[in-house]
Amino acid sequence: MSSLVNMAGSLALAGLLGGIVGYEREIHERPAGLRTHILVCLGSALITLISLSFGPANDPGRIAAQIVSGIGFLGAGTILRQGTFVRGLTTAASLWTVAGIGMAVGVGGQYSILAVIATIIVMLTLFGIKSLETVLWKTLPGSARHDVYLEMSSERTQVLGEVLDKLCEKGVLLQSVHSMGDVSSKNKGFRLTIVLPRGLAQQFVINMLAEQNGVDRFEWS
């Protein structure tokens, strides 16, 4: 009975840790959010617990090892590509990581503590590194490289020229411009790769794009 309680506790811990990581993805409206991360972490812990119950004679590691490869297919489904514009890599990596966290919880003992530490590191990475990147972008020349996707009416593609002129006025380096083809019968998309100069905050450019007449939608990464 105590063994069953311990296993139930492990599943609850796995769900909690997966939910913590999933919450960060949820608030940023990523393809895989709270529920997906909880289920991945919980499922990984469950499979690990079951494989360990088979005993060493049946090589429990063979079953648990399939989690690592299997989660890759799920992670691939979160990666979206539109021309050369790629999104979802961080979410795919977070899914892969929470699978490892779930496996550590399933093994139990000191590995459960390791799973908690790993979750803390993941959250520091997702929240803290982004803030650190912002600081570096403001202080290091040539480090503020961004991909920007713009969508506008097919009848007003001259707006792209207006955007590029405003960026050049602020010293923004334009590395590449790619047409994404017709997004719909009425809209056209463009992908820009830009480098912000030292001292120019990315929020300034975001606000400029938000206020630009003729830009129906834009994405920043």
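This passage walks through a few helices, cysteines and one loop residue of the structure. The model described here is predicted.

A good place to begin is helix α2, which covers residues 34–53 and so many of the buried positions discussed below, as its 20 residues include H37, V40, C41, S44, A45, T48, L49 and S51, each of them buried. From the first C-alpha to the last, α2 reaches 29 Å, close to the 28 Å expected at 1.5 Å a residue. In an α-helix there are 3.6 residues a turn, so residues three or four places apart point the same way.

Helix α4, spanning residues 89–107, contributes S94. With a relative accessible area of 5%, S94 is buried because it falls under the 20% cut-off. Leaving aside residues up to four places away in sequence, S94 touches V21, R25 and H37; of these partners, H37 is itself among the buried residues of α2.

The cysteines offer a pleasing contrast. C41, in α2, is buried, and its relative accessible area is 0%. C168, on the other hand, counts as exposed because its relative accessibility of 52% is over 50%. The count of disulfides comes to zero.

Finally, the loop between α7 (202–211) and β6 (215–220) holds G214. At 17% relative accessibility, G214 counts as buried, because this value is under 20%. Although G214 and E162 are 52 residues apart along the chain, their C-alpha atoms are separated by 9.8 Å.

Definitions and conventions. Residues are numbered from 1 along each chain as its sequence is written. This is a predicted model: local features need pLDDT of at least 70, side-chain atom pairs count only at pLDDT 80 or more; totals for chains, interfaces and linings use all residues. Side-chain values use heavy atoms; hydrogens and water are left out. Helices (H or I, at least four residues) and strands (E, at least two) are DSSP runs, numbered from the N terminus. The expected span of a helix is 1.5 Å times one less than its number of residues. Buried means under 20% relative accessible area, exposed over 50%, partly exposed in between (1.4 Å probe, protein chains only). Contact means heavy atoms within 4.5 Å. A disulfide is a pair of cysteine sulfur atoms within 2.5 Å.
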